[in-house]
Amino acid sequence: MMPATSFTLVTGATKGIGRAITEKLLAQGENVVGIARRADPGFPAPLLLADLADHAARKQVLAQAMASYPVLRLVNNAGFNRMQPLGEITADAYDEVLNLNLGVTIDATQAVLPAMRAAGFGRIVNISSRSLLGRMGGSMYSAAKAGLVGLTRSWALELAAQGITVNCVAPGPVATEMFAHNNPPHLPRTQAMLAAIPMARMGTPEEIAGAVGYFLSAGASFTTGQTLFVCGGASISQSQY
Ligand SMILES: NC(=O)c1ccc[n+]([C@@H]2O[C@H](COP(=O)([O-])OP(=O)(O)OC[C@H]3O[C@@H](n4cnc5c(N)ncnc54)[C@H](OP(=O)(O)O)[C@@H]3O)[C@@H](O)[C@H]2O)c1
């Protein structure tokens, strides 16, 4: 049975894209609970603190979220990139990249699933990246983000008959802390990546939140298993960055 009120759980909610998603949903009068590692006194919704990369900590925080809030929507937003060209890829780095992008998404989705199944309703949005099409020097990130498309499509099939939709948003370059950390402006590869965007600019977190909001909305009730590129046209331009 559907609870009277419900919450959207946003992983990686305090900054960048997760913050914009949170603010958009709150502005629409919806309830949000976020997860991040560090406290943020200005965060406008309940915030649970945990390093989601840590298996025990994430199991605990996800259990806490589900015990405290009626979560029926989930945005798997927390992610991690480590640029390492082929030949220099380390086991530590691929463990980190695959764990945070795929492992956290799998565990968070499995944590919310019983409540969604009980309600006969659920909305899941996975945040991938345009890099799923290929990323020079970032093959682990590309593989992890492409993996999210596989999870999205497979879970959409498994859950379609239960009122639960699963969709994916694949952003192009967006001006956030993560982007600045991974793409220093002086590097030729950063300049080439930005030059390959047909709209000739980076996206804003709010522009990504717009697409996520659509998949979470009542208007998207017949849409599942889809990946929407929100990338200023970069996905139909060069695909190596
Ligand atoms: N920015 C882009 O250009 C771009 C493009 C394509 C896809 N994406 C994807 O969009 C998603 C969000 O990226 P963003 O650029 O918005 O990142 P961001 O601005 O760096 O924000 C990351 C958020 O996640 C939290 N976080 C990071 N690691 C965490 C962990 N281990 N456990 C719990 N929380 C964690 C951060 O808070 P704390 O630091 O306090 O934990 C913060 O709230 C990622 O999946 C990323 O791969 C981004």
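Good morning. By class, the shell around the ligand comprises 14 nonpolar, nine polar and five charged residues. I should say at once that this is a predicted model, and I shall begin with the ligand before turning to the sheet.

Which residues come nearest to the ligand? Of the 28 residues around the ligand, these are Gly 12, Gly 16, Arg 37, Gly 79 and Met 178. Three elements give two or more residues to the shell, namely helix 1 (16-27), strand 2 (31-36) and helix 5 (177-182).

Let me now turn to the sheet. It is an open sheet of seven strands, with parallel pairing and the order 3-2-1-4-5-6-7. At its edges are strand 3 (47-49) and strand 7 (227-230), each of which pairs on one side only. On average, and with direction ignored, neighbouring strands of this sheet are turned by 20 degrees against each other.

I shall look more carefully at strand 1, which covers residues 7-11. Are its residues buried or exposed? Five of its five residues are buried, so that the strand is described as mostly covered. In a regular strand, side chains alternate between the two faces of the sheet. In strand 1, both faces are covered: Phe 7, Leu 9 and Thr 11 are buried on one side, and Thr 8 and Val 10 are buried on the other.

What are the partners of strand 1? With strand 2, strand 1 pairs in the parallel sense over five bridges, and Thr 8 has Val 32 of strand 2 as its bridge partner. Strand 1 also runs parallel to strand 4 (residues 71-76), to which four bridges join it. There, Val 10 stands opposite Val 75.

Moving outward from strand 4, we reach strand 5 (residues 122-127); the two run parallel and are joined by four bridges. In this pair, Arg 73 stands opposite Arg 123 of strand 5.

Finally, the helices. Strand 1, helix 1 and strand 2 together make a right-handed β-α-β unit. Helix 1 lies across strand 1, strand 2, strand 4, strand 5 and strand 6 (164-171), and runs at about 165 degrees to strand 2. Helix 2, residues 55-68, lies across strand 1, strand 2, strand 3 and strand 4. Its direction is at about 155 degrees to strand 3.

To close, I return to the ligand: helix 1 and strand 2, which belong to the β-α-β unit, are among the elements that give two or more residues to the shell. Thank you.

Conventions: Residues numbered from 1 in each chain as written. Predicted model: local features only at pLDDT ≥ 70, side-chain atom pairs only at ≥ 80, totals over all residues. Near = placed C-beta within 6 Å. Nonpolar A, V, L, I, M, F, W, Y, C, P; charged D, E, K, R; others polar. Buried ≥ 20, exposed ≤ 12 C-beta atoms within 10 Å, placed from the backbone. Pairing = 2+ DSSP bridges. Right-handed = clockwise from strand over helix to strand, strands pointing away. Axes fitted to C-alpha atoms, helices over the stretch in contact; angles between N-to-C directions. Contact = placed C-beta atoms within 7 Å.
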